[in-house]
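Below are some remarks on the internal cavities and on one helix, set out as numbered points for a colleague who has the coordinates open.

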Amino acid sequence: MQRFLDGVERVGNMVPHPVVIFLILIGIVIVLSAVLSLFGAAVSFERINPDTHQIETATTEIRSLLTMDGIRFMYESLIPNFMGFTAVGLMIVAMIGAGVAEESGLVTALIRKLVIVSPAWALTYILSFVGILASIAADAGYLVLIPLAGIAYLAVGRHPLAGLALGFAAVASAFTVNMLIKPLDAVLVEFTNDAAHLVDPNRSIGLASNVWFSFVSVLFLTMVVAFITDRMIAPRLGTYDSKLAAEGTTTEQNTALSEQESRGLRYAGLGLLGLIAVFCLLTLPSFAPLRNPDTRELIGNSPFMNGLIALIMLMFLLTGWAYGIGAGTLRTLPEVIAAIEKSIKSLGGTIFLFFVLSQFVAYFTFTNMGTVMALSLSSALQAANIGALPLLLGFIVVVAIIDLLLTGAIAKWAIFAPVFVPLLMKLGVEPEAVLAAYRVGDSPMNAITPLNAYFALVVGFAQRYDRTAGVGTIVSLMLPYVVWMFILWTALFALWKMLGLPWGV
């Protein structure tokens, strides 16, 4: 296995720069869309209208990018494609706060404090658990937890790429489960109910319909991710050579805290308490402005949850500045602004890559090739006429395959829900089980598909510690996680179903 992964890394790193790869893929999509459109490739299906939540029949055909409309789209949408690529905005906003926290020394001090108070054997499990729970903050987990995991590993003398791999696997490959209810759950449940009403208008599930399965999945996947890291990834990487680090990357980590650093942490704690007090006033009262103005709910579809990235940015910004004042590393406002500018400047290459990636994603979506493939596979599975459990397992496999091309959890479920929820309900399978199966299939591949907007970002993180790292490096690191998480999580799902355990409440 190690020789195989080394081969994957060598071959993968022989490929061109990621920007060149996506330029080639754009060319392939343009040509392939024209060919498939010429042959009239199309498929009819029932889907849930995301606006009206009504079931509607639609026909999707391959759209050529070499038609008049296609050429107009490529020309006119250049800027809208980039501006609509939400990963860019999230990354920049998060880095405003993270840059201050990193430049002041807060991030390093916190990680060193964590290393001091945590048993060495528990660090991997703590990072894995926190990484999985980071999905409550939506995509912000990619921007915060993954680099922190690399720093934590470096602080204890372990290979930082192992920490990055651990963080990426925890955040990406378990994205659809959590111990808390998150905004994604509300959308998935709503689509599930719309599909279930096709069979039984009185059958509905609630937001906590998968809570028990998700709770156990978090604990189970925490163990799996940590075990793979300690037994496969870390031994393969071996001892870290700091000479491989890119210029300007700090690789010397001393776990002992000085008096100034300890004072800085106390100041940061006071700053955090002040921020919490402000947000308590903005969220806890029934009339609070960050609650849903109609339902008054706080968790779910509310301004607080929808704008959670702002809280994360402010948390790092204020605590980082407070730490800098206490530790004497970042005291004045001009120094804070300079730290922010430095962090944004470091994103230049990533922003350009995101520009090219956004065009590829937009062109691929315009052609409808991903949708046609997803519907073709689902139709074949539906016509297989096999039992309920094999059909559920086959459904998990199909979702995983499609996730390599369509990474959006909501977009895929809008297509799959009206097909598989009624089909399996007729076979006696509860809609909660279908939704749980979708969660299993939708997550693991997120860590290996280049269409994940943050895959390129992780490559950039890796190049800080190993300037020779490339796409092949990340693929070879993540492949064991993807394979084993998919197999073992699917096995857990099958066992849960066979034992008849409750999926939620």
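1. A cavity here is a set of grid points where a 1.4 Å probe fits but cannot get out, and lining residues are those with an atom within 4 Å of such a point. The model under discussion is a predicted one, and the structure holds two cavities of 30 Å³ or more.

2. The largest cavity has a volume of about 80 Å³, and its lining is made up of T176, V177, N178, L180, I181, K182, D185, L207, N210, V211, S214 and R439. By residue class this lining is mixed, with five nonpolar, four polar and three charged residues.

3. The second largest cavity, with a volume of about 30 Å³, is lined by L161, L164, A165, V458, A462, I474, L477 and M478. Its lining comprises eight nonpolar residues, with no polar and no charged ones. Which helices each supply at least two residues of this lining? They are α9 (160-172), α21 (455-465) and α22 (471-499).

4. Turning to a single helix, α18 covers residues 388-403, 16 residues in number, and reaches 22 Å from its first C-alpha to its last, which is close to the 22 Å expected at 1.5 Å a residue. The buried residues of α18 are L391, L392, G394, F395, I396, V398, V399, A400, I402 and D403, where buried stands for under 20% relative accessible area. A reader checking this helix may wish to note that D403, the last residue of the 388-403 run, is among the buried ones.

Note on methods:
Residues are numbered from 1 along each chain as its sequence is written. This is a predicted model: local features need pLDDT of at least 70, side-chain atom pairs count only at pLDDT 80 or more; totals for chains, interfaces and linings use all residues. Side-chain values use heavy atoms; hydrogens and water are left out. On a 1 Å grid over the protein atoms alone, a cavity is a set of points where a 1.4 Å probe fits but cannot get out, and a pocket is an open set with protein on both sides within 12 Å along at least five of seven lines; lining residues have an atom within 4 Å of a point. Grid points are joined across faces, edges and corners, and a volume is the space filled by probe spheres set on the points. Ala, Val, Leu, Ile, Met, Phe, Trp, Tyr, Cys and Pro count as nonpolar, Asp, Glu, Lys and Arg as charged, and the others, Gly among them, as polar. Helices (H or I, at least four residues) and strands (E, at least two) are DSSP runs, numbered from the N terminus. The expected span of a helix is 1.5 Å times one less than its number of residues. Buried means under 20% relative accessible area, exposed over 50%, partly exposed in between (1.4 Å probe, protein chains only).
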